[in-house]
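Subject: Model handover and notes

Dear colleague,

Here is the structure I promised to pass on to you. My notes on what was found in it follow below.

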Amino acid sequence: MLDFSSLLLAAALSGTCLSITMFAIWFAAPKAGFVLTVACGILVLVAHVILFWRYAREPDPLLCQIALALLSLGFLILCLSAMQYLGVPGYRRAVAPTLAAMAVCAVVTFFGLDGVGFINTYTTVTALLAAIGAMFWINGSHDRRILLVVSFLSGTCAVSFALCGVVLLAKGQWTLAAAPDNWAERLNTVVAVACMTGLGALTLSLHHLQAQIELKAETMTDPLTGLMNRRGLKSLYGERTFGPFMSIVMFDLDHFKRTNDVHGHPVGDQVLCRFASVIKKYARTGVDAFRLGGEEFAIVMSRMTEDRAYDLASKIGVAFGTEIVATQNDPLRSTVSGGIGFGEASGSSLDQVLAEADAALYAAKRAGRNCVISQKRMGKAEPLKPALRSA
């Protein structure tokens, strides 16, 4: 049977190995900042365990103060890592109360009430662990199974620290002059080792999950304009059925090859980015924008009538026509042509609507460019005029 000191040393060894693993992961993937934060938090907790082990053998008031401060600080850092991973703002909401509690603990311990200091610290740690569990329970939007396990482990560890404080409070042990040693402390050591090991393993899973999400986002994003690419279009709408109130507008920048030949590709890239920024201005719920490749763009519109879809596409074309790109020669003003394809009441596939939009786009090109043609208005091409921009 392991004694209390052996349990503490086992906790320190487990935490050290876990921290080293986290640091190694961070060195391999520096963008995973929350992994570094977790590693630092665990390292602080390892320092606490070592000092607490020393304090249990040779009680010293200063050593007690430092050990308790490190315990609160370590779990504060872990709480901040959870906020960092989940994108929860307002770090001060965790930092300020914890620092205040640490200051109170230092004062009461200095005046010999180390039992009160332990109760204060256990309460602080319980609150931090409860906050971690609540944040993962409420704010998690990825793999719910992993996040629920994180919440469970955090909650279990919080209960074990709460029991330690309750036992001291129930016994009225305001002054200890030594490390507390009771059933709750022993249970807490075992639970903390198990939970920290489990949370470390889950941190690896969360890192892997985040890396997959970021990689998927990168593969579906056009690096130049920031819009989604053709793969993103297939991912979002490849399995969708397009009804009569769903449409796709395909845009093609007019004479773009000549723009590159005359002004150079850097200017051409500026033109592409300008058009992407125009599309983004008109983006809203139910309107998704994509760069399909080269000078071809598309927007998918949901819950929109034929007239509203045509009006929005025309506004985008007119707005782009007012954009001016500086060049070494004269200021450059470009235009765009568009074609709209609509879904059917019986349901159409993405490829069918894209094909119809593409046919309408070519009709717009043949009609003289700088216009938008709807699949349902073939032959009715009107040049895009700035007057349309006011709506």
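**The strands and their pairing**

Strand E1 (residues 247–253) runs antiparallel to E3, and six bridges join the two; here two strands are said to pair if DSSP finds at least two bridges between them, while helices (H or I, at least four residues) and strands (E, at least two) are DSSP runs, numbered from the N terminus. Please bear in mind that this is a predicted model, in which local features need pLDDT of at least 70 and side-chain atom pairs count only at pLDDT 80 or more, although totals for chains, interfaces and linings use all residues. Residues are numbered from 1 along each chain as its sequence is written, and side-chain values use heavy atoms, with hydrogens and water left out.

Within the pairing of E1 and E3, phenylalanine 251 has phenylalanine 297 of E3 as its bridge partner. E3 (residues 296–301) also pairs with another strand, since strand E2 (residues 287–293) is joined to E3 by six bridges in the antiparallel sense, with phenylalanine 290 standing opposite alanine 298 of E3. E2 and E3 form a hairpin that leaves two residues between them, and in its turn glycine 294 has a positive phi of about 60 degrees. Five of the six residues of E3 are buried, so to describe the strand as mostly covered is fair; buried means under 20% relative accessible area, exposed over 50%, and partly exposed in between (1.4 Å probe, protein chains only).

E1 is also joined to strand E6 (residues 336–342), by seven bridges and again in the antiparallel sense, and serine 247 stands opposite phenylalanine 342 of E6. On its own account, E6 has seven of its seven residues buried, and is therefore largely enclosed by the rest of the structure. Both of its faces are covered, with Val336, Gly338, Ile340 and Phe342 buried on one side and Ser337, Gly339 and Gly341 buried on the other. E6 runs parallel to strand E7 (residues 372–374), to which three bridges join it, and valine 372 in E7 is the bridge partner of glycine 338. Between E6 and E7 the chain passes through helix H12 (residues 350–366), and this β-α-β crossover is left-handed; a crossover counts as right-handed if, with the strands pointing away from the viewer, the path from the first strand over the helix to the second runs clockwise.

**Two helices**

Which residues of helix H9 (residues 256–263) are buried? They are Phe256, Thr259 and Asn260, and because they cover an arc of only 95 degrees around the axis (taken from the directions from the helix axis to the C-beta atoms), they lie on the same side of H9. On the other side of H9, Lys257, Arg258, Asp261 and Val262 are exposed. The cover over the buried residues of H9 includes E1, helix H10 (265–281) and strand E5 (332–333), and H9 is followed by glycine 264, whose phi is positive, near 95 degrees.

Helix H11 (residues 306–321) has 16 residues and reaches 23 Å from its first C-alpha to its last, which is close to the 22 Å expected at 1.5 Å a residue, where the expected span is 1.5 Å times one less than the number of residues. Because 12 of its 16 residues are buried, H11 is largely enclosed by the rest of the structure; among them are Tyr310, Lys315 and Phe320.

**Cores and single residues**

The largest nonpolar core has 59 residues, of which Phe75, Leu78, Phe118, Leu129, Phe136 and Phe161 touch the most other members; such a core is a set of buried Ala, Val, Leu, Ile, Met, Phe, Trp, Tyr and Cys residues joined through side-chain atoms within 4.5 Å. Its largest share, 12 residues, comes from H3. A second, separate core of 32 residues includes Ala276, Ala289, Tyr310 and Ala319.

Aspartate 222, in the loop between helix H7 (183–219) and helix H8 (230–237), is buried, with a relative accessible area of 9%. Leaving aside neighbours within four places in sequence, aspartate 222 is in contact (heavy atoms within 4.5 Å) with Leu227, Met228, Asn229 and Arg291. Tryptophan 183, found in helix H7, is instead exposed, with a relative accessible area of 53%.

With best wishes
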